[in-house]
Amino acid sequence: EPIAGVSAIVAVASGKGGVGKSTVAANLAAALADDDFASVGAARPLRVGLLDADVYGPSVPTMLNLRGEPALDDQQRMLPLENYNVKAMSMGFLLKEGAAAVWRGPMVASALERLSRGVAWGGLDVMLVDMPPGTGDAQISVSQRLPLAGAVVVSTPQKVALDDVRRGVAMFDAVDVPVLGVVENMAYYECGNSSERVYIFGKGGARGVALELGVPLLGEVPLQPDVCQASDQGVPAVLANPDSPAGKAYRTIAQGIVEALQLGSSGSTADSL
């Protein structure tokens, strides 16, 4: 069942934790929502939402510098918090700071239903979903409950992460969700002021797996200290340092999503709302 006013929903997923999935999701949302819409290949400004479905480790509030409990409209729907032109909803808005969501599967499913369909999103061209890491019940539940237009799978280059990419792609195949492509995060490190690349976690792993699985490689994001610093300060790196290698990589990936889903075209669902 569609979410009212939302034209397309894209999952940003990873087969395991610790690969920077949430950082990628936040930066892609900011890139898609940026006033410089032409930089991601859109024909007009895009209306963008970000659903933080990682209920056990919500990090979107920190990355988008958002705090506070959502207000309710006259239909008792939560109103998303907004920054950088991105409308966001997260369990982190509803929990006390430092509190943990110690829940079992049915409670998680109920919470995700509230965070997605219990929200007055307004007209959105695209909603990104920061998925829980892994390929278990929670991930399958999100994939089946939300009408996903596609999925982006995030990985790092090392073999243990790449094995989980295969599992992630297989999971989306099993629930008939098209995989828009793979993102290789922490792909390389550039030493000092030189352009020499050091492949700390291995070289070209995600590219090889994408080729093996027959899905696009959407981009390779370098390992940059300023990405972490910007995230901790609540400013997506794609906005804080748009001309950095990481900033350019995020925009390239966002452009791949725009092209795959034809976002921002005159016939989009959200356009008429």
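Asn85 is placed in the loop between strand 3 and strand 4, and the model in which it appears is a predicted one. The phi of Asn85 is near 70 degrees, a positive value in a residue other than glycine. At 37% relative accessibility, Asn85 counts as partly exposed, because the term covers values between 20% and 50%. Tyr84 also has its place in the loop between strand 3 and strand 4, the latter formed by residues 86–90. Tyr84 is not a glycine either, yet its phi is positive, at about 55 degrees. With a relative accessible area of 23%, Tyr84 is partly exposed.

Another loop leads into strand 3. Asp74 is found between helix 2 (60–63) and strand 3 (81–83). The relative accessible area of Asp74 is 73%, and the residue is therefore exposed, since exposure begins over 50%. In sequence, Asp74 and Asn27 are 47 residues apart, and their C-alpha atoms are 32 Å apart in space.

Asn27 falls within the range of helix 1, which comprises residues 21–33. The 13 residues of helix 1 should span 18 Å at 1.5 Å a residue, and the end C-alpha atoms are 18 Å apart, which agrees. Helix 1 is mostly covered, with 13 of its 13 residues buried.

The description now turns to the parallel strands. Strand 6 (residues 150–155) joins strand 7 through five bridges, and the two run parallel. Strand 1 (residues 9–13) pairs with strand 6, also in the parallel sense, over four bridges. Individual residues show how these strands are aligned. Ala11 stands opposite Ala151 in strand 6, and Ala151 in turn stands opposite Val179 in strand 7. Further along, Ser155 has Glu184 of strand 7 as its bridge partner. Between these two strands the chain passes through helix 5 (residues 159–174), and the resulting β-α-β crossover from strand 6 to strand 7 is right-handed.

How is strand 6 placed with respect to the rest of the structure? Six of its six residues are buried, so strand 6 is largely enclosed by the rest of the structure. In a regular strand the side chains alternate between the two faces of the sheet. Here, Gly150, Val152 and Val154 point one way, while Ala151, Val153 and Ser155 point the other way, and all are buried.

Strand 7 (residues 179–185) is likewise mostly covered, with seven of its seven residues buried. Besides its bridges to strand 6, strand 7 forms four with strand 10 (residues 217–221), again in the parallel sense. Within this pairing, Val182 has Leu217 of strand 10 as its bridge partner.

Helix 9 covers residues 245–261, a run of 17 residues. From its first C-alpha to its last it reaches 25 Å, close to the 24 Å expected at 1.5 Å a residue. The buried residues of helix 9 are Ala246, Gly247, Ala249, Tyr250, Arg251, Ile253, Ala254, Gly256, Ile257 and Val258. Gln262 follows helix 9 and has a positive phi, near 55 degrees.

The interior also contains enclosed space: two cavities of 30 Å³ or more are counted. The largest cavity holds about 60 Å³ of space. Its lining consists of Leu51, Ala53, Leu112, Glu113, Ser116, Val142, Arg145 and Leu146. Helix 3 (105–117) and helix 4 (137–145) are the elements that give two or more residues to this lining, and helix 3 gives the most, with three residues. By class, the lining of the largest cavity has five nonpolar, one polar and two charged residues.

The second largest cavity holds about 50 Å³ of space. It is lined by 12 residues, of which Ala13, Ser14, Gly134, Gly168 and Phe172 lie nearest its centre. What is the make-up of this lining by class? It has six nonpolar, six polar and no charged residues. Helix 5 provides the largest share of the lining of the second largest cavity, three residues. The helix that carries the chain from strand 6 to strand 7 is thus also a contributor to the lining of this cavity.

Notes: Residues numbered from 1 in each chain as written. Predicted model: local features only at pLDDT ≥ 70, side-chain atom pairs only at ≥ 80, totals over all residues. Heavy atoms only, no water. Buried < 20%, exposed > 50% of the residue type's maximum accessible area, 1.4 Å probe, protein only. Expected span 1.5 Å × (residues − 1). Pairing = 2+ DSSP bridges. Right-handed = clockwise from strand over helix to strand, strands pointing away. 1 Å grid on protein atoms, 1.4 Å probe; cavity = no way out; pocket = protein on both sides within 12 Å on 5 of 7 lines; lining within 4 Å. Points joined across faces, edges and corners; volume = space filled by probe spheres on them. Nonpolar A, V, L, I, M, F, W, Y, C, P; charged D, E, K, R; others polar.
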